[in-house]
Amino acid sequence: TDSTMEIAIMDEVLQSLQQEAPKIDVSVKNFLSVLIAKGQKDVPHSVSSSSNTVDSLANLPPHFLMDYARLLLQCLQSCVPLEYQAYFEQNPQPESQSASERLDHMCKYKAICALRKHTIDKGGKVSKSFGKSYLLSTNIWPAIKSLFLSQLEDGTRKNLTFGEGQQFVELYERGLFGSDGKTISCSCDFDMTLLTVANFLFRFLDSDLIWATDFNEALRQRHQERVKSANQRVNELTEEAIRNAI
């Protein structure tokens, strides 16, 4: 029956939500790690003006950045997803969504709401209980962002400003939803330390880095990829030069 199928899907979704990694709090820590690393060491670069936001935030003292992160997590905790019925009234089924996909979506939303209530009732943190799917499957991010910015508008929070806060939340947003689509060019020495790689990578703000379960391992892998790419390019140029010389 439909109810039996829904229960089965709910159980599967709940298990998936609980096992999802990394959790939101880890992604915020990763985000801070790259910002703080950028503030500790400069990297030769040639990038679009969008890098100004990174540079501006990276120059802030780490405890200021942590204050913005703390406020973001507080807003995440405070914002409540819409009631089940209200959510689906506001989000009707698209023509491209099949009946089974719609059922999956409905069950996932219901499971998220149930798990969130259980988490709150037990005095737990949403950021430690959910991963990226919580933000993407509930459409709750705009409310979190709006609350975050409203908390900064009156200027009463020590060391926190609306302008810096807006940069912070929008940069994290890029890590959540991916690139803003603008092309960012970069020319730099690929013979880098691990810390320097972090600075380089943040200019591209890869979502998979911010949402890495093992941040240091993600950096090492990306460093290897960049070095391999650079070496391949050098070999290609060398071969081309030899061919032209013959």
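Here is a chat about a predicted model, covering a helix pair, its cavities and pockets, and two unusual spots in the backbone.

Colleague: I'm new to this one, so let's begin with H4 and H10: at roughly what angle do their axes cross?

Modeller: Bear in mind that this is a predicted model. H4 covers residues 62-78 and H10 covers residues 162-177, and their axes come within 11 Å. The angle at which they cross is roughly 65°.

Colleague: Are H4 and H10 roughly parallel or roughly perpendicular to each other?

Modeller: The crossing of H4 and H10 is right-handed. Their axes cross at roughly 65°, and angles of 65 to 115 degrees count as roughly perpendicular. H4 and H10 are therefore roughly perpendicular.

Colleague: Which residues in H10 does H4 meet?

Modeller: On the H4 side, the residues are Leu65, Tyr68, Ala69 and Leu72. By class, the contact of the two helices has seven nonpolar, one polar and one charged residues. The H10 residues they meet are Glu164, Gly165, Phe168, Val169 and Tyr172.

Colleague: What about empty space inside: which element gives the largest share of the lining of the largest cavity?

Modeller: The structure holds two cavities of 30 Å³ or more, and the largest has a volume of about 50 Å³. Its lining includes Leu72, Leu73 and Leu76, along with Trp141 and Tyr172. H2 (24-40), H4 and H9 (141-153) each give two or more residues to that lining. The largest share, three residues, comes from H4.

Colleague: How many nonpolar residues are in the lining of the largest cavity?

Modeller: Ile24, Val28, Leu135 and Ile144 are among the residues that line the largest cavity. By class, this lining has no polar and no charged residues. The nonpolar count is nine.

Colleague: Now the largest pocket: which element gives the largest share of its lining?

Modeller: About 250 Å³ of space lies in the largest pocket. Of the 14 residues that line it, Asp25, Ala69, Arg70, Leu73 and Ser127 lie nearest its centre. H2, H4 and H7 (126-129) each give two or more residues to the lining. The largest share, seven residues, comes from H4.

Colleague: How many charged residues are in the lining of the largest pocket?

Modeller: This pocket is lined by 14 residues. Six of them are nonpolar and three are polar. The charged ones number five.

Colleague: And for the second largest pocket, where does the largest share of the lining come from?

Modeller: About 190 Å³ of space lies in the second largest pocket. Its lining includes Val80, Pro81, Leu82, Glu83 and Tyr84, as well as Lys110 and Arg116. By class, the lining divides into six nonpolar, no polar and four charged residues. The largest share, five residues, comes from H6 (residues 99-121).

Colleague: Which residues does the cis peptide bond join?

Modeller: Most peptide bonds are trans. In this model, a cis bond with omega of about 0° turns up just before Pro22, a residue in the loop between H1 (2-19) and H2. The pair it joins is Ala21 and Pro22.

Colleague: One last backbone spot: what is the phi of Asn139?

Modeller: Asn139 lies in the loop between H8 (132-138) and H9. Most residues other than glycine have a negative phi. Asn139 is not a glycine, yet its phi is positive, at about 55°.

Key
Residues numbered from 1 in each chain as written. Predicted model: local features only at pLDDT ≥ 70, side-chain atom pairs only at ≥ 80, totals over all residues. Heavy atoms only, no water. Axes fitted to C-alpha atoms, helices over the stretch in contact; angles between N-to-C directions. Helix = DSSP H or I, 4+ residues; strand = E, 2+ residues; numbered from the N terminus. Parallel < 35°, antiparallel > 145°, perpendicular 65-115°, else oblique. Left-handed = near helix turned anticlockwise from the far one by under 90°. Contact = heavy atoms within 4.5 Å. Nonpolar A, V, L, I, M, F, W, Y, C, P; charged D, E, K, R; others polar. 1 Å grid on protein atoms, 1.4 Å probe; cavity = no way out; pocket = protein on both sides within 12 Å on 5 of 7 lines; lining within 4 Å. Points joined across faces, edges and corners; volume = space filled by probe spheres on them.
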